[in-house]
Amino acid sequence: MKVRREIFPHVIEMNLQARRRLGCCVYLVYDANEWALFDIGYEDTLDDIINEIRQMDFPLSQCKYLVATHADVDHTQGLKRAKELMPQAMVVGHPTAAKLLAEGERIMTYAEISAQGISIDLPPVNFDETIDEGSKLQIGGLSLDVWHTPGHAVAQLSFRLGNLLFSGDNIYRDGCVGNIDAHHGSDIPAFIKSLERIRDSDVEWLLPSHGPIFRKDNAMLQKTIDRLTEYQHMADFGTCAVDWPLLDEWDEELAKG
């Protein structure tokens, strides 16, 4: 049996476990005879992840949940095949993610970005259950609270386990956030509210969907919130901005001659 490298009790991150990058952060949460995967990543790394799981002596038959934190292709492309390997596992996520992935939607999931020549296969998959704000996931004796934290994506969910928050693409250790893109359904005011919720919470550790885990730093979060607040009023962010003050100034100047 391969040594289980826990980052916290009951929590394993598969990139760290493998000591190499396998894509987005894939978290395995376990207790008693049950375990779950939060995101699965691309299909071409699924075999490596499953191999690691088997070597750590987690029976595939005891996987309770395959969780989609949101619908982006880099988080979900391997989901259909993972379900085929573990048919008893319940595929769960936000209702919007369920709709996008059942339809095999390609724009809002970043599977198709024609301007950059990106076209990635995204096999449709049906969810067994949808979850949203206020839901709970029970894994053995562990109970995870579901937070709806939109902004990067409409369907973005975060999951609280004690003083830990599986925070998705809300915030990374360097203060960056998940892509802001109107075609993706991003919403800057909603993003700010999600970040303020994380800032004001008493969680201590953030477990993001990309990059290393880190201790919550309210000063860093505030700096990011301030930056996104400016983005709301900048033409740079096009239809994601809520206004452009320059045009109001121009109207006044025109009126004054």
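How many cavities of 30 Å³ or more does the count come to in this structure? The count comes to two, and the views below begin with the largest of them before turning to side chains, a helix and the backbone. The structure is a predicted model, in which local features need a pLDDT of at least 70 and side-chain atom pairs count only at pLDDT 80 or more, while totals for chains, interfaces and linings use all residues. Residues are numbered from 1 along each chain as its sequence is written, and side-chain values use heavy atoms, with hydrogens and water left out.

**View 1. The largest cavity and its lining residues.** Rolling a probe the size of a water molecule over the atoms shows where empty space is left. Here a cavity is a set of points, on a 1 Å grid over the protein atoms alone, where a 1.4 Å probe fits but cannot get out, and its lining residues are those with an atom within 4 Å of a point. Grid points are joined across faces, edges and corners, and the volume is the space filled by probe spheres set on the points. By this rule the largest cavity has a volume of about 60 Å³, and its lining is made up of H70, A71, D72, T96, L100, M108, A153, V154, A155 and H184.

**View 2. Salt bridges that link separate parts of the chain to helix α2.** A salt bridge is counted when a side-chain nitrogen of Lys or Arg lies within 4 Å of a carboxyl oxygen of Asp or Glu, and a search of the whole structure finds 13 of them. In one of these, the side chains of K2 and E52 meet at 3.0 Å, N to O. K2 lies in the segment before β1 (6-8) and E52 in helix α2 (residues 46-55), which places the two partners 50 residues apart. Helices (H or I, at least four residues) and strands (E, at least two) are DSSP runs, numbered from the N terminus. Accessibility is described by relative accessible area, found with a 1.4 Å probe on protein chains only, where buried means under 20%, exposed means over 50%, and partly exposed is in between. On this scale K2 is partly exposed at 27%, whereas E52 is buried at 9%. The side chains of R20 and D48 also meet in a salt bridge, at 3.2 Å from N to O. R20 sits in the loop between α1 (14-18) and β3 (27-31) while D48 belongs to helix α2, so this pair ties together parts that are 28 residues apart in sequence. R20 is partly exposed, with a relative accessibility of 43%, and D48 is partly exposed at 30%.

**View 3. A salt bridge within helix α5.** The side chains of K99 and E103 meet in a salt bridge of 3.0 Å, N to O. The two residues are four apart in helix α5 (residues 95-103), and are therefore separated by about one helical turn. An α-helix has 3.6 residues a turn, so residues three or four places apart point the same way. Both K99 and E103 are exposed.

**View 4. The buried face of helix α2.** The buried residues of α2 are L46, I49, I50, E52 and I53. Seen down the helix axis, these residues fall within an arc of 160°, so they line one face of α2, the arc being that of the directions from the helix axis to the C-beta atoms. They pack against α1, β3, β4 (34-38) and α4 (79-85), where contact means heavy atoms within 4.5 Å. The helix is followed by D57, whose phi is positive, near 70°.

**View 5. Two cysteines outside any disulfide.** A disulfide is a covalent bond between the sulfur atoms of two cysteines, and in this model it is taken as a pair of cysteine sulfur atoms within 2.5 Å. The structure holds zero disulfides. C24 is in none, the nearest cysteine sulfur being that of C25 at 6.9 Å, and C24 is buried at 3% relative accessibility. C240 is likewise in no disulfide, with the sulfur of C176, the nearest one, 16 Å away, and C240 is buried at 8%.

**View 6. Positive phi at R19 and A32.** R19 is not a glycine, although its phi is positive, about 60°. R19 is found in the loop between α1 and β3 and is exposed at 54% relative accessibility. A32, also a residue other than glycine, has a positive phi near 55°. A32 is found in the loop between β3 and β4 and is exposed, with a relative accessibility of 65%.

How values were computed. On a 1 Å grid over the protein atoms alone, a cavity is a set of points where a 1.4 Å probe fits but cannot get out, and a pocket is an open set with protein on both sides within 12 Å along at least five of seven lines; lining residues have an atom within 4 Å of a point.
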